[in-house]
Amino acid sequence: LRELDPLSHDVLYDNGIPAICRKLSDDSYEEIKYDKMACSIQKNIVEKVTLHLCANPMQFTLLDTNPTDKQKEDFITIKKYWKMRNQDGMKSKMVYAQKSLGDAGLLYYFDYQGRIKSRLLCYPDYIILPLNDNNGDRLLDSVYYQDGDYQRIDSYDDKYLYRFINDGSSENGWFLEDMVLHGFEESPLITHRGEVAWNNVQSEINHYEIIFNIYNVIQKRQGWGLLFIKGNPKWGNTFNGSFVLTANGMNGNEASAEYKTPPTGEGMKDALNLLMEQIQKGAGFTQLLPKDITSMGDISGVAIQFSMSLDNQTALTGCIEYKNVADKMMRLFKYGLAKELNDIVVPNAITRFADVNISADFTVWMPKSDVEFSQRLVTLKQSGIISAKTATEICDLSKSDEENRLKDEEELKIQREKEANAQVVDINKQVETTTNVEEE
C-alpha cells in the first residue's frame, strides 16, 4: 500500500534531497521551503494493465457442437443476466485489486431475495488464505477478517461454509463456531494471487522520483538565472526609465556585470526519460501522451497497436493467467442463476442450464479503427475463414441476442418473398383471366 499511495512514497521523507538556502544580510542562512513531490507511476501502471485486460466484455463461447434451440435460448438468458448483474464490472474490480495488492477474492452468494450476487474481498478488510494439497489442487478457500472485537475465518469447500472464531473464550484460540451449506456445487469463493503490476520496476521508480525532485530543486533555485556583478555595486539614478549600476573600488577593466543563464538540466532530463523507458519495459505497459503522436489526420489502428505492443503482450499473458478465474465465475453465476430462476422464470432451469456448456475468456482491449475492424470482419466472412456466427460474437456492436435477431430478419425476408411471389401469381392469374375473357 505504501508503494501504491503517492503520499506514502519514501522520497517524501528522504533527507538526501538537497535543500535550498539563501544568505541574509546578517550573514545568517535561511532555508527556502520546498515541497517534495511523489509520482503516481504505480497507479498509472495498475490502471493501464487493468484497462487492457478488462475493458472488453467477457467473451463467451457455447461449446456444444450442435446446440438445440433451448440451449441457444438459455445461453442468451445467462448472458443477459450476466450483464444485468454487472459481472464484467466485478471482474474489473477483482483484477484491479489483485494487481494493486497482490491477492483478491470474489465471493458469490444469494442475497435476501434469493438473487445471485458477487462481492469483492481484498486487503485491508479481508486477507485471502487459500489451502492446496501437494498436487496444487484447492482444498479450502478461506478468508480472514475482523468482526468487531473478534477475529473470524470463513472457509469454503465444495459443500460447506465453516465459520471459525477467536473471541478469547477458548484456550486454543480458534474454534469452529458453525458449519452450514453454502448452496453451490463448488467453493463460491474465487481467489487469485500474484505479483503487483509494478513489482519488477519499484527500484527504478524510486530512482526516478529522487532525480525528479533534485531536478526541481535546482530549477527552483536557479531556474530564472542570476545577475553576476564583479566589483562594489551601487545603484545610481534612473536614466530613460532604467537604473544605472556602477561598480566602485576596482579598476574599470576589472568591474563587470553580466546575466548568467540558468542551467538547462539536459543530463537530468535524459536520465529521467531513460528511467521512464526502462519502467515501461519492465512493467510491460506503454504511456502515450498527446505530444507523442505527431501524425496528422486519421491514425491507423494498426499503427497504434504496434506502438503499444508492450500493453498487448502483458494483456495476453493476463488472459491466460485469469482463464481459470473467468471459467469459475461463469460456472458459479450459471448455477446460482439457475437456482434463482428455477420454475419461476425458466422451467427446470437447474437441469436446463446444466446442459449449457459455456467457456469464458478475457479478451485484450486495444485502440482500433472501427472502419478497419468492420472491413476485416467482412473480408474474413466472405473468404470463408470465419462464420457469420463468429463475426457476430466478436463484433462490438452486436447484442447478446443478435443471433435471434438475424434469424428473425431471415424469417421475415423469406415471408416477404413468399408474399411477393403470391402477389405475382395472383396478378398473373388476373391477367390470364382477363385475356381469356377478351378472346371469348
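This text walks through a predicted model of one chain, from its overall make-up to a few helix contacts, a loop residue and a hairpin.

The chain has 440 residues, and 32% of them count as buried. Its secondary structure comprises 12 helices and 16 strands. Among contacts in the chain with a separation of 6 or more, 63% join residues 24 or more positions apart. The exposed area of the chain is about 27,500 Å², and 51% of that area comes from carbon and sulfur atoms.

Helix α1 is a convenient place to start. Two packed helices are described by the angle between their axes and the distance between the axes. Helix α1 covers residues 41–54 and helix α3 covers residues 87–101; their axes come within 10 Å and cross at roughly 145°. This crossing of α1 and α3 is right-handed. On the α1 side, the residues that meet α3 are Val46, Glu47, Val49, Thr50, Leu53 and Cys54, and on the α3 side they are Lys91, Ser92, Val95, Tyr96, Lys99 and Ser100. Sorted by class, the contact of α1 with α3 contains six nonpolar, three polar and three charged residues.

Helix α1 also packs against helix α7, which spans residues 309–321; here the axes come within 9 Å and cross at roughly 65°. The crossing of α1 and α7 is right-handed as well. From α1, the contact uses Lys48, Val49, His52 and Leu53, while α7 supplies Asp311, Thr314, Ala315, Gly318 and Cys319. The contact of α1 with α7 has four nonpolar, three polar and two charged residues. Val49 and Leu53 of α1 thus appear in the contact with α3 and also in the contact with α7.

The loop between α2 (69–84) and α3 holds Arg85. Is Arg85 buried or exposed? Arg85 is buried, because its relative accessible area is 16% and the cut-off for buried is under 20%. Leaving aside neighbours within four places in sequence, Arg85 is in contact with Arg115, Ile116, Lys117, Phe333 and Glu340.

One of those contacts, Ile116, leads to a pair of strands. Strand β4 (residues 103–110) and strand β5 (residues 116–121) pair in the antiparallel sense over six bridges. Within this pairing, Ile116 in β5 is the bridge partner of Phe110. The two strands, β4 and β5, form a hairpin with five residues between them. In the turn of this hairpin, Gly114 has a positive phi of about 80°.

Notes
Residues numbered from 1 in each chain as written. Predicted model: local features only at pLDDT ≥ 70, side-chain atom pairs only at ≥ 80, totals over all residues. Heavy atoms only, no water. Axes fitted to C-alpha atoms, helices over the stretch in contact; angles between N-to-C directions. Helix = DSSP H or I, 4+ residues; strand = E, 2+ residues; numbered from the N terminus. Left-handed = near helix turned anticlockwise from the far one by under 90°. Contact = heavy atoms within 4.5 Å. Nonpolar A, V, L, I, M, F, W, Y, C, P; charged D, E, K, R; others polar. Buried < 20%, exposed > 50% of the residue type's maximum accessible area, 1.4 Å probe, protein only. Pairing = 2+ DSSP bridges. Areas by Shrake-Rupley, 256 points an atom, 1.4 Å probe, with all protein chains shown as cover.
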